[in-house]
Amino acid sequence: MRRVSRIAVAGVATAALAITVSACGSSSTSSKGGGESKGIGLAYDVGGKGDQSFNDAAYAGLQKAEKEFGVSGRDIEPQDGESDADKVQRLETLAKQGYNPIIGVGYSYAPAVKEVAAKYPKVTFGIVDDDTIKAKNVADMVFHEEQSSYLAGVTAARTTKKNHIGFIGGVDIPLIHKFEAGFVQGAQSVNPKIKIEKQYLTETAQEGGFSSPDKGENAANGQIDAGADVVYHAAGLSGQGVIKAAAEHKVWAIGVDSDQYEQSALAKYKDSILTSALKNVEGAVYNLAKSVIKDKKPLTGEIRGSLDNGGVGLADTNPTFQGDADLQAALKKAEDGIKSGSIQVKTS
């Protein structure tokens, strides 16, 4: 049985996510003075391209849009210790160069997107993982991460042989609390007495919680040494260390955001990646680009991915995961409950 899988969401969500958004009727002209869009501008979050997770999913959306719409794209890496002013300058540069839409990948771009969007009202801006900007030319691309995390918790609780699992969050912030809350609730729905290790790598992103594989590896080693035999991470690039530790100890890891079982940089660890809790950043980036460049009706307002519209889900590429009939039946029941509302997933 195929589940809500991989970024099949890129196709499903192309149509489905549009149901949850409001569309602005302006054209795709860019900058204050107008003109045709030069292409898509993408500014990465902490960790940058190559994280095999969040940022790489955004880049995949840019690549898909470039190929399908015949436009160029420019993606820019973050700098260590950068300020909001640095982000403002980066977004302004993209706007002046004629890119439209321009997308900030990550909640840390919120102040910069708000400022630059006001200066360039004819450019459509997108921000991933933030819903605080209420502007006619901004799309807030957010997700029900807690829903896919609930399914990850069910998976972990039904897979562990020790009734002992772990969660590792990159940074101790409300966004990552959603991952933890859903995971814990899902696991406890299977076994209320299950033991769950919980750890956040840093208090702030500037300390490297999303960009330090060594921190992820050390945290995972500690949880595995304590007895956990399934570890779920929501830690961006740091999650590579979690997966490495799981592979070395021959226990299961559950990835995040992208289908980490299929990531080339993690190929030598793939047999230890049971599944990944997907967040369709790829589809969100692609959809926004399509609305501006092809449809000429830019999406704005809140765009929230859920189990209902294919914006979140679980990857099913690992044959061990896919072939576990009892697990798949349990996941189907949980998914149906979330969609019907009979299961209310916590966010904190």
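In the predicted model, helix α9 is largely enclosed by the rest of the structure, because 13 of its 13 residues are buried. The helix covers residues 281-293. From its first C-alpha to its last, α9 reaches 18 Å, which is close to the 18 Å expected for 13 residues at 1.5 Å a residue.

One of the residues of α9, Tyr286, takes part in an aromatic contact with a distant part of the chain. Five aromatic pairs were found in a search of the whole structure. Among them is the pair of Phe69 and Tyr286, which is stacked, with 5.5 Å from centre to centre and 20° between the planes. Phe69 belongs to helix α2 (residues 54-69) and Tyr286 to helix α9, so the pair ties together parts that are 217 residues apart in sequence. Both partners fall under the 20% limit for burial: Phe69 is buried with a relative accessible area of 16%, and Tyr286 is buried with a relative accessible area of 5%.

Strand β6 (residues 138-143) is likewise enclosed. Six of the six residues of β6 are buried, so the strand is largely enclosed by the rest of the structure. In a regular strand the side chains alternate between the two faces of the sheet. Both faces of β6 are covered, with Val138, Asp140 and Val142 buried on one side and Ala139, Met141 and Phe143 buried on the other. Strands of a sheet pair through backbone hydrogen bonds, either parallel or antiparallel. Strand β5 (residues 125-128) runs parallel to β6 and is joined to it by four bridges, with Phe125 opposite Val138. Strand β12 (residues 299-305) also pairs with β6 in the parallel sense, over five bridges. In this pairing, Gly301 of β12 stands opposite Ala139.

A further set of strands forms an open sheet of six, in the order β8-β7-β9-β10-β11-β13, with mixed pairing. Its edge strands, β8 (195-202) and β13 (312-314), each pair on one side only. From one strand to the next, the twist averages 15°. Within the sheet, β10 (residues 252-257) and β11 (residues 273-279) run parallel and are joined by five bridges. Ile254 has Thr275 of β11 as its bridge partner. Helix α5 (residues 145-159) lies across β7 (164-171), β9 (230-234), β10, β11 and β13, and runs at about 15° to β13.

Residues in helices α6 and α7 were examined individually. Gln223, in helix α7 (residues 213-226), counts as buried at 2% relative accessibility. With residues up to four places away in sequence left out, Gln223 touches Gly166, Phe167, Ile168, Glu197, Lys198, Gln199, Ala228 and Val231. One of these residues, Phe167, also belongs to an aromatic cluster, together with Phe183, Tyr200 and Tyr232.

Tyr200 of this cluster is in turn a contact of His177, a residue of helix α6 (residues 174-190). His177 counts as partly exposed, at 26% relative accessibility. Apart from neighbours within four places in sequence, its contacts are Asp172, Tyr200 and Thr347. His177 and Ser348 are 171 residues apart in sequence, and their C-alpha atoms are 5.6 Å apart in space.

Lysine side chains were found over two tyrosine rings. Lys87 lies over the face of Tyr109, at 5.6 Å from the ring centre. Lys270 lies over the face of Tyr261, at 4.5 Å from the ring centre.

Taken over the whole protein, the model contains eleven helices and 13 strands. Of the 348 residues, 62% are buried. Among contacts between residues at least 6 apart in sequence, 71% join residues at least 24 apart. The stacked pair of Phe69 and Tyr286 links parts 217 residues apart in sequence.

Note on methods
Residues numbered from 1 in each chain as written. Predicted model: local features only at pLDDT ≥ 70, side-chain atom pairs only at ≥ 80, totals over all residues. Heavy atoms only, no water. Helix = DSSP H or I, 4+ residues; strand = E, 2+ residues; numbered from the N terminus. Expected span 1.5 Å × (residues − 1). Buried < 20%, exposed > 50% of the residue type's maximum accessible area, 1.4 Å probe, protein only. Contact = heavy atoms within 4.5 Å. Pairing = 2+ DSSP bridges. Axes fitted to C-alpha atoms, helices over the stretch in contact; angles between N-to-C directions. Phe/Tyr/Trp six-rings, centres within 6.5 Å; stacked < 30°, edge-to-face > 60°. Lys NZ or Arg CZ within 6 Å of the ring centre and 35° of its normal.
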